[in-house]
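The exercises below ask you to work from single residues towards the whole chain, with the sequence and the model side by side. Try each task before reading its solution.

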Amino acid sequence: MRKNLPDFSFIILTYNEEIHIRRILDSIADLGAKVYIVDSFSTDRTCEIAKAYGCEVFQNKFINHPLQWDFALKHIPISSPWVIALDADQYLSPSLKALLLHFSDSEIERSINSIYFNRHNYFQGNRLKYGGYRNFYLLKMFRSGHAASDTAEKLDHRFIVPGKSVVWKKGILIEDNLKEYDLDFWMQKHIRYSEQMAEQEWEIRSGRNFSKEQARLFGSINQQKQWLKQRWYKLPLFVRPHLYFFYRFFLRLGFLENKSGRTFHYLQAYWFRYVVDYKIYKRKGSKQINERGSA
């Protein structure tokens, strides 16, 4: 245990995370950092367990992840120079913990305002190693007061942080959602997600959604992702799920996963994208009917 408070605090989003909350809090306990929980009114023992670990708990009604992070960044009284933003189904690897144990704000370049962690995804107990998932970099650590949540997004949260960033390739953050051993849970969750993603793209197609993140092919990791998203939006509906699945499953060798991994790539790269496209298509049909009716 560190004798002095480290130069960072944790913010963790939760909702009915009794199955996960001890795991993530145990993984960060040795760091001695302040931990804030932003809970979406859990009905299980999540908040009770978090308070027993000494966490400070805030509650806010959940609409989507970007808005929940927006609330967290605006309402939590962070006093440390840096913030680490995590979800409850994630936890620190020993290599990431070691990097944080030796982290000092005074030793990092002042122009660097954010740090990407290397997320390793697990699905039903097995690490995903192919299909573009072997190393997946997420901006998870940033200087206090420098970050904003991109609320133009409705599903995938993204932090907007000006200035330089660094990538901790050995800073492995493990994401393993134990609830997803139940495939019905995964599918029902992604049906909800498909509605959010379809609504976001429909707003973009209607000129009503403007991301705060710049799209640059040779920019930061988040800027590159935004550039790719803009190309995705221009692809034909119902064609692009086939293209994306082919890319993930064959070109990025997703077929080399075990059975659960292959199932994940099929569902996440094809089935989910097809459901999103169908919901966008239904919106287009409704708009055409309304336009004919008002003509």
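**Exercise 1.** Locate K189 in the secondary structure, and decide whether K189 is buried or exposed.

*Solution.* In this predicted model, K189 belongs to helix α5, which covers residues 183-205. The relative accessible area of K189 is 10%, and the cut-off for a buried residue is under 20%, so K189 is classed as buried. Once residues up to four places away in sequence are set aside, K189 touches N177 and E180.

**Exercise 2.** Find the strand that holds K140, and determine which side chain of opposite charge is nearest to K140.

*Solution.* Begin with the strand: K140 is part of β8, which covers residues 136-143. Next, consider the charge, for K140 is buried yet has no salt bridge, and the nearest side chain of opposite charge, D87, lies 4.5 Å away. A salt bridge requires a side-chain nitrogen of Lys or Arg within 4 Å of a carboxyl oxygen, so the 4.5 Å separation between K140 and D87 does not qualify. Finally, examine the surroundings: leaving out neighbours within four places in sequence, the contacts of K140 include V83, I84, A85, L86 and D87, as well as I115, F117, H157 and L173.

**Exercise 3.** Describe the setting of F255, and state how far its C-alpha atom is from that of S95.

*Solution.* F255 sits in the loop between α7 (240-251) and α8 (259-294). With a relative accessibility of 35%, F255 counts as partly exposed, and its contacts, apart from neighbours within four places in sequence, are F249, F250 and R262. As for S95, this residue is 160 residues from F255 along the chain, and their C-alpha atoms are separated by 29 Å.

**Exercise 4.** Work out why the protein chain can be called as compact as a globular protein of its length.

*Solution.* The chain contains eight helices and 11 strands. Its radius of gyration is 20 Å, close to the 19 Å that the globule rule gives for 295 residues, so the chain is as compact as a globular protein of that length. Along the principal axes, the C-alpha atoms fill a box of roughly 70 × 45 × 45 Å.

Two further values complete the description: buried residues make up 48% of the 295 residues, and, among contacts between residues at least 6 apart in sequence, 74% join residues at least 24 apart.

**Exercise 5.** State what carbon and sulfur atoms supply to the exposed area, and how far apart the mean positions of the charges are.

*Solution.* The chain exposes about 14,900 Å², of which carbon and sulfur atoms supply 55%. The mean positions of the 45 positive and 31 negative charges are 6 Å apart.

Definitions and conventions
Residues numbered from 1 in each chain as written. Predicted model: local features only at pLDDT ≥ 70, side-chain atom pairs only at ≥ 80, totals over all residues. Heavy atoms only, no water. Helix = DSSP H or I, 4+ residues; strand = E, 2+ residues; numbered from the N terminus. Rg over C-alpha atoms; globule rule 2.2 N^0.38 Å. Buried < 20%, exposed > 50% of the residue type's maximum accessible area, 1.4 Å probe, protein only. Contact = heavy atoms within 4.5 Å. Areas by Shrake-Rupley, 256 points an atom, 1.4 Å probe, with all protein chains shown as cover. Lys, Arg positive; Asp, Glu negative; His and termini not counted. Charge placed at Lys NZ, Arg CZ, Asp CG, Glu CD.
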